[in-house]
Amino acid sequence: MTQPPHDEPTAASPEELREQVEQTRAELGETVEALAAKTDVKARAQEKATAVKEQATAKATAAKEQAAAKATAAKEQAAAKAGAVREQAAARAGELKARASGLAHQAQDQLPAPVKDKAAVAAEQARAKAAQAGRLWHDKAPEPVQHTSAQVGRVTREHRTLVLAVAGTAVLMWLARRRRK
């Protein structure tokens, strides 16, 4: 028989000896199972494949979440920029409208009194002719054309200052040109 290892105590009774043998058998069985698991290439490959699959799934999920977050941030940024552009456009339109109005008033202030009087008379005559043309138009024009002209009239009334500024500028240019001849 072989001698027991130096670090293990010897059994004092047969009962203790049986317990030591059972314990040694259990430990030996676990060791054999561990060695068998290490030598089972197919099982280890499956474990590795499962681990890689789980890792790839986790990375894909993280990438998807990151892409969604970036898309949301880009959408919010685009909306903010669009709002800023709208505000700038509205401010610029207001500036241009005020500038045109100022130019119209400046042009009116520079007109001599006889020109203003003639313009007032011409405006009155134009109103009368427009009213007459409007009645004739209403009697003769087809319905779709009347509808379109009504829309143009509404837009003109809504932007009356701008229309007057353009008309005043046109009159000034016409008068300046006429004086040069």
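**Notebook: salt bridges and the largest pocket**

I began with R18, which is exposed at a relative accessible area of 54%. This is a predicted model, and I read every value below with that in mind.

Entry 1, R18 and its partner. I looked up what R18 pairs with and found a salt bridge to E15, with the closest N and O atoms 3.8 Å apart. That pair counts because the cut-off for a salt bridge is 4 Å. Both R18 and E15 sit in helix 1, which covers residues 14-39. They are three residues apart, about one turn of the helix. E15 has 47% relative accessibility and is classed as partly exposed. It misses the exposed class because that class requires over 50%.

Entry 2, E22 and R25. I stayed in helix 1 and checked this pair, which is also three residues apart, about one turn of the helix. The side chains of E22 and R25 form a salt bridge, at 3.3 Å from N to O. I noted E22 as partly exposed, with a relative accessible area of 47%. R25 is exposed at 55%.

Entry 3, E124 and R127. I then moved to helix 3, residues 113-140, where both E124 and R127 lie. I found a salt bridge between them, the closest N and O atoms being 3.0 Å apart. The spacing along the helix is three residues, about one turn. E124 comes out as partly exposed at 47% relative accessibility, while R127 is exposed at 54%.

Entry 4, the count. How many salt bridges does the structure hold? I have four in the total. Among them are R18 with E15, E22 with R25 and E124 with R127.

Entry 5, the largest pocket. I looked up its volume, which is about 900 Å³. The lining is made up of 28 residues, and those closest to the pocket centre are L111, A119, A120, G168 and V171. I also asked which elements give two or more residues to the lining. They are helix 2 (41-110), helix 3 and helix 5 (160-180). Helix 3 therefore appears twice in these notes, given that E124 and R127 lie in it and that it contributes to this lining.

Entry 6, lining chemistry. I sorted the residues of the pocket lining by type and got 18 nonpolar, five polar and five charged. G168, one of the residues closest to the centre, falls in the polar group because Gly is counted there. L111, A119, A120 and V171 are also among those closest to the centre, and Leu, Ala and Val count as nonpolar.

Key: Residues numbered from 1 in each chain as written. Predicted model: local features only at pLDDT ≥ 70, side-chain atom pairs only at ≥ 80, totals over all residues. Heavy atoms only, no water. Helix = DSSP H or I, 4+ residues; strand = E, 2+ residues; numbered from the N terminus. Buried < 20%, exposed > 50% of the residue type's maximum accessible area, 1.4 Å probe, protein only. 1 Å grid on protein atoms, 1.4 Å probe; cavity = no way out; pocket = protein on both sides within 12 Å on 5 of 7 lines; lining within 4 Å. Points joined across faces, edges and corners; volume = space filled by probe spheres on them.
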